[in-house]
Amino acid sequence: MKLPKPRDRHRFFPLLLLLLVAIAAPVAANRQHNGSQVPPSSLQVTSNLHMAESWLVESEQQGSEFGLSVASAGDVNGDGYDDVLVGAPRYDAGVYREGAAFVFHGSAGGLSVHPDWQAGSGQMGSRFGSTVAPAGDINHDGFDDVVVGAYAYNDGQTKVGAVFVFLGSPGGLSLTADILLIGAQAEAEFGYSVATAGDVNGDDYDDVIVGARYADGSHMNEGAAYLYYGSASGLMPLPDWAATGGQEGGCFGSAVALAGDVDGDGYDDVVVGAPFYDDAAPDEGAAFVFRGSAAGLIDLPHWQVQGGQTESGFGSAVATAGDVNGDGFSDLVVGASHYSDVWPGEGAVFLFNGSAAGLTPAPSRFLTGGQQEAGFGIAVSTAGDVNGDGFDDIVVGAHLYSGDQSQEGAIFLYCGSASGLLTWPSWSAEGDKAETWFGYTTGKAGDVNGDGYSDVIAGAPQYRINHLIVGRVLGYYGFPGLTDTSIFLPLILNPNS
């Protein structure tokens, strides 16, 4: 069937949607609610239909790894629209391969197509922008702040790592870092992971957590995580809390994230991943949750779960899932991008529900990639509530997924409901070009256009133009209507494909 020209597509869409619903009904009737995922390829709808609400940016610089990291920036200029943050750790901005981070402001018309803010590290090869994250409002001035990691930053020793904090204001982010946190140990890679911690001690200032995956304590390369409390003056140079992995080579701190309030006590909790942790199986990986309290984070983990399979990558990606079942407790999602179930190395994602007692010890949902070596779970995140039904949703990246292009990558959205997270994706999008690494990073963009629906962002850092790798980032705007009984087209497809 030939698609209409762009000017006719909005008239054509209702007819196509009716056709898709008709197709979806028998498919949905045959699905089994057994906690495992129907392979994503069985749900994929291939179409070149492009909706008008699209956003796409590409780097003008070859080899910059633009889109290797993406995140919501919160609302850094207080205009009521959320903004997004993109990292390019090999970008040249006056210093060779210093790295860069970019912010694109939201508006009633959506995200700007040119960066409204840009910063670099000023140091060659520092990997500035390898990780980017919202910081929340660390100084409680009403403007959101951001953090950017540079794990290869040198300061008297090699790869001590650093984290740059930029504060929001009516004019947006400051052009130079307001706060610089620097690691203290060579080769520890402080800043390999960084995230907002929410407010772990209930003082109305948001906090920041940083991982150093190769930190040495009692054990070599056990890894560490550090927490910095927010205050009226921002973050202090030294951490207020620290934890180590306790096991040689466990790489504790490879991933850190806000867990939300998993036990409903009014204090945010944090999660730390250790993808090479050993327990019953070598390098099975583990995730640890530390609870907040009036005195701050508690030293010992309240919850710990292992991956259960050798070299599964469990804990290499961790995130809050938001509240997927509407029970008032935050839920947690953990990725294991090398997990083998039906297919070797297809990848898996585990969802754990919160409760008054904390997180459940066993996952309520176990989702798998459905394709050999797809990398499913390389990135996991809450998506917010993209369809306005009152339940939070999650988004999962699979950067090596092959649809109609080899290893083009894909992202999959799983919607929440009163009975919990649905067990098949309600929506998905593909990279539309071979070997782009689309979905290597993905997550919640916030509400960038102020329509009341949460939006999603995803990066494709290996995207090529004329055989040159430039990187690409795409935004997807939420809308009502995603359900568990229908197959839907992507919210946005690449308008330049």
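1. A good place to start is the largest nonpolar core: among its 20 residues, Val271, Trp303, Phe314, Leu332, Phe350 and Phe352 touch the most other members. Such a core is a set of buried Ala, Val, Leu, Ile, Met, Phe, Trp, Tyr and Cys residues joined through side-chain atoms within 4.5 Å, where buried means under 20% relative accessible area with a 1.4 Å probe, protein chains only. At least two core residues come from each of strand 14 (255-260), strand 16 (286-290), strand 17 (303-306), strand 19 (331-336) and strand 20 (348-352); strands are DSSP runs (E, at least two residues), numbered from the N terminus.

2. Please keep in mind that this is a predicted model, with local features needing pLDDT of at least 70 and side-chain atom pairs pLDDT 80 or more, whereas totals for chains, interfaces and linings use all residues. Numbering runs from 1 along each chain as its sequence is written, and side-chain values use heavy atoms, without hydrogens and water.

3. Leucine 332 is worth a look: beyond its neighbours within four places in sequence, its contacts (heavy atoms within 4.5 Å) include Val271, Trp303, Phe350 and Phe352.

4. Now the aromatic rings, which pair if their centres lie within 6.5 Å: the structure holds 21 such pairs. Phenylalanine 314 and phenylalanine 350 are edge-to-face (planes over 60 degrees apart), with centres 5.1 Å apart and planes at 80°. Phenylalanine 314 lies in the loop between strand 17 and strand 18 (317-322) and phenylalanine 350 in strand 20, so the pair ties together parts 36 residues apart in sequence. Both phenylalanine 314 and phenylalanine 350 are buried.

Conventions
Buried < 20%, exposed > 50% of the residue type's maximum accessible area, 1.4 Å probe, protein only. Helix = DSSP H or I, 4+ residues; strand = E, 2+ residues; numbered from the N terminus. Phe/Tyr/Trp six-rings, centres within 6.5 Å; stacked < 30°, edge-to-face > 60°.
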